[in-house]
Amino acid sequence: MTRPTVLVAGVGNVFLGDDGFGVETVRRLAAHPLPEGVELVDVGVRGVDLAYRLLDGYRTAVLVDATCRGGPPGTVYLIEAAAEPLEVPVLDGHRMGPDAVLGLLATLAAGTGGDPPGRVLVVGCEPASLEEGIGLSEPVAAAVEEAVRVVLGAVAEALPGAETLSVEEARSPERRTTPC
């Protein structure tokens, strides 16, 4: 296999309700055949690991996480990460979401000589609850399949000409996954 050019990373804490959205979405994506050149990873709460992984020369990164933007719970967003440098966050080993990880990239790249992705997308979902507890709320659990489709679309766009499943093929009974 050639070096992956697209990284799809699920981010979140499964012990904080809907914060486990990214992890669950990546788990569901693992049931789909992905084209060569895509690496799928559950980074969970390991934000520093994700920051260093993003410097491994991927052309595109798709980060999947719960994202508070003020919409109704279960709303799925596709966000193009800002091209301008972000404020470098204070390192917090317990909570480093995509914003904090992206804020560290320029500093880490300068220190390591790593190569950050040319394009970073965030597939986010508006959470209903980020309180302690395992399991997604009903609206967020219902949004996971839509997020899978959005990620598959982003992968298809990042790798034109690659073999990808259509949404109909992804929904076929042989590929259906059990609900949360």
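Q: What makes strand β4 and β5 a pair, and in which sense, parallel or antiparallel, do they run?
A: In this predicted model, strand β4 (residues 76–80) and β5 are joined over 5 bridges in the antiparallel sense; since two strands pair if DSSP finds at least two bridges between them, the 5 bridges satisfy the criterion. One of the residues involved is I79, whose bridge partner in β5 is V122.

Q: How do you know that strand β3 and β5 also pair, and in which sense?
A: Strand β3 (residues 60–66) and β5 share 7 bridges in the parallel sense, and with at least two bridges required, the pairing of β3 with β5 is established. Here D65 has G124 as its bridge partner in β5.

Q: Why is strand β5 described as largely enclosed by the rest of the structure?
A: A residue is called buried when its relative accessible area is under 20%, and 6 of the 7 residues of β5 (residues 119–125) are buried, so the strand is largely enclosed by the rest of the structure. For the chain of 180 residues, the share that counts as buried is 47%.

Q: Where does β5 stand in the order of elements, and how many helices and strands are there?
A: The chain comprises 5 helices and 5 strands, and from the N terminus on, the elements follow the order β-α-β-α-β-β-α-β-α-α.

Q: What share of the contacts between residues at least 6 apart in sequence joins residues at least 24 apart?
A: With contact taken as heavy atoms within 4.5 Å, 80% of these contacts in the chain join residues at least 24 apart.

Technical notes. Residues are numbered from 1 along each chain as its sequence is written. This is a predicted model: local features need pLDDT of at least 70, side-chain atom pairs count only at pLDDT 80 or more; totals for chains, interfaces and linings use all residues. Side-chain values use heavy atoms; hydrogens and water are left out. Helices (H or I, at least four residues) and strands (E, at least two) are DSSP runs, numbered from the N terminus. Buried means under 20% relative accessible area, exposed over 50%, partly exposed in between (1.4 Å probe, protein chains only).
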